[in-house]
Amino acid sequence: MKVSNIIRCLIAVSLFCYACGNPYEVDIPHWDYEDEDDKGENDGNSGDSGTDGKEYPVKYPEAGVAKVKTLQTTGYFRETKIKDGIIHYSLFGKEDVSGTYQNVNVLEVDLNNEAYKINFLFCGSDTTSAVGKRMKAIAAINACYEQDAIYCRTNGYNHAQVTLDPDHLRFWKHEAAIVGDGKRKVGIVHGAKGAKNIKEGGIQAIEIYKSLTEKNIFASAPMLIDNYEPVGASFVPSQYSSKDLNSFDGEDYRRHQGVRHPRVAVALTEDNDLLFIVVDGRFSGKAEGMSAKELTNFIAKHFNPQWAINMDGGGSSTMYINGYGDPVTNVLNYPCDNKKWDHYGQRARPTFFLVQYDE
């Protein structure tokens, strides 16, 4: 083929792609606001209302709130300063919320510190430590459940919009979401709030996520703390015995969140600190794991955040901090997929939170 023909083909393909556009690009809706400082653009602050009178569903920490110490208790956690504005807390031993032995790692990031950014990352499939190293992250934590059950948007592109039927057993897994601008602006959405049941909540949440202007959305469930209310403590009805819970399917929300498992949660404080919480589990006598109720009460007791969401746990639960933890993987917790008490049992996942330098 002549060079001129090749050039013409390339031009034709480029024009075709331009005309069609990226099929995953999101037509992000525009919300108008009355706040004069915003000049008509959404800043997502709590209480803002659009021109249709509805309150914008994303909740952000209020600006100008004085900083306070995030850790509320003493004698439980070992505290390590990673960087200015980044603190690691670790707990190993018996604690009194669950009454069992636990291994917990918590990473606190001050979102007011302009040196850092929070990257919502979607990739094919990889381990948390591999992604952290490849992306030169300060820290990396696994994020979402399986893609067919959640709503996932990164950098303005939707990767998942919940393809499960509302009657599906896993339809509950997107009732809340953490959103962000890819920098330091991070907010929380309780998408299923006010719904009568799991099914209605899931449908309502999807419609809310579709309406959001934020470029990054990671949906998950359940909501643990909503404006200081420990809603996760009652996510699973209290009438079920341990025998009842274990009789349900493993993906049934009652068993999934009612029995102890490794857990990952993300929390946001009133003074704009972001917390990544990883609870190990499935290791008798070392790390028993927690139920949603126990995790909710544990987070509220020790850190008292304004909001918290449970993320993908189980064998996915992994915290990576560059230069810390295992000398090979830099994993701090004990991922359980290999059923060994070491740092090598990571599960490959497609979504991650990265703490990076804002260069």
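## Exercises: two sheets, a pocket and a loop residue

In strand β10, Asn216, Phe218 and Ser220 point one way while Ile217 and Ala219 point the other, and all of them are buried. Buried here means under 20% relative accessible area, with exposed over 50% and partly exposed in between (1.4 Å probe, protein chains only). Strands (E, at least two residues) and helices (H or I, at least four) are DSSP runs numbered from the N terminus.

Some ground rules before we start. This is a predicted model, where local features need pLDDT of at least 70 and side-chain atom pairs count only at pLDDT 80 or more, while totals for chains, interfaces and linings use all residues. Residues are numbered from 1 along each chain as its sequence is written, and side-chain values use heavy atoms, with hydrogens and water left out.

### Exercise 1: the surroundings of β10

Work out which strands pair with β10, and place β10 in its sheet.

*Solution.*

Step 1. Start with the strand itself: β10 covers residues 216-220, and five of its five residues are buried. In a regular strand the side chains alternate between the two faces of the sheet.

Step 2. Look for partners; two strands pair if DSSP finds at least two bridges between them. β6 (residues 151-154) is joined to β10 by two bridges, running antiparallel, and Arg153 sits opposite Ile217. On to β8 (residues 176-180): five bridges link β8 to β10, again antiparallel, with Ala176 opposite Ser220.

Step 3. Extend outwards. β6 also pairs antiparallel with β7, over four bridges, and there Arg153 faces Asn158.

Step 4. Put the sheet together: the order is β7-β6-β10-β8-β9, an open sheet of five strands with antiparallel pairing. β7 (157-161) and β9 are at the edges with a single partner strand each, so one side of each has no neighbour in the sheet. On average, neighbouring strands are turned by 20° against each other, direction ignored.

Step 5. Add the helix. α3 lies across β6, β7, β8, β9 and β10, at about 15° to β6. Contact means heavy atoms within 4.5 Å. Axes are lines fitted to C-alpha atoms (for helices, over the stretch in contact), and angles run from 0 to 180 degrees between N-to-C directions.

### Exercise 2: β12 from both sides

Explain why β12 counts as largely enclosed, and trace its bridges to β13 and β14.

*Solution.*

Step 1. Check burial: six of the six residues of β12 are buried, so the strand is largely enclosed by the rest of the structure. Arg263, Ala265 and Ala267 are on one side, with Val264, Val266 and Leu268 on the other.

Step 2. Follow the bridges. Six of them join β12 to β13, antiparallel, with Ala267 opposite Leu275. Four join β12 to β14, also antiparallel, and here Val266 stands opposite Ile309.

Step 3. Inspect the turn: the β12-β13 hairpin has four residues between the strands, and Asn272 takes a positive phi near 75°.

Step 4. Zoom out. The open sheet has seven strands in the order β1-β2-β3-β13-β12-β14-β11, with antiparallel pairing. Its edge strands, β1 (78-83) and β11 (223-226), each pair on one side only. The twist averages 15° from one strand to the next.

Step 5. Cross over to β3 (residues 101-110), which is joined to β13 (residues 273-279) by seven antiparallel bridges; Val106 has Ile277 as its bridge partner.

### Exercise 3: what lines the largest pocket?

Describe the lining of the largest pocket by residue and by element.

*Solution.*

Step 1. Get the volume: about 480 Å³. A pocket is an open set of points on a 1 Å grid over the protein atoms alone, where a 1.4 Å probe fits, with protein on both sides within 12 Å along at least five of seven lines; lining residues have an atom within 4 Å of a point.

Step 2. List the residues. Of the 24 in the lining, Glu55, Pro57, Lys59, His190 and Lys193 are closest to the centre.

Step 3. Sort by element: β9 (186-189) and α3 (198-211) each supply at least two residues, and α3 gives the largest share, four.

### Exercise 4: a loop residue

Decide whether Thr329 is buried or exposed, and list its contacts.

*Solution.*

Step 1. Locate the residue: Thr329 is in the loop between β15 (319-321) and β16 (349-357).

Step 2. Apply the cut-off: its relative accessibility is 9%, so Thr329 counts as buried.

Step 3. Find the contacts. Leaving out residues up to four places away in sequence, Thr329 touches Ser129, Lys133, Tyr320, His343, Tyr344 and Gln346.

Methods:
Grid points are joined across faces, edges and corners, and a volume is the space filled by probe spheres set on the points.
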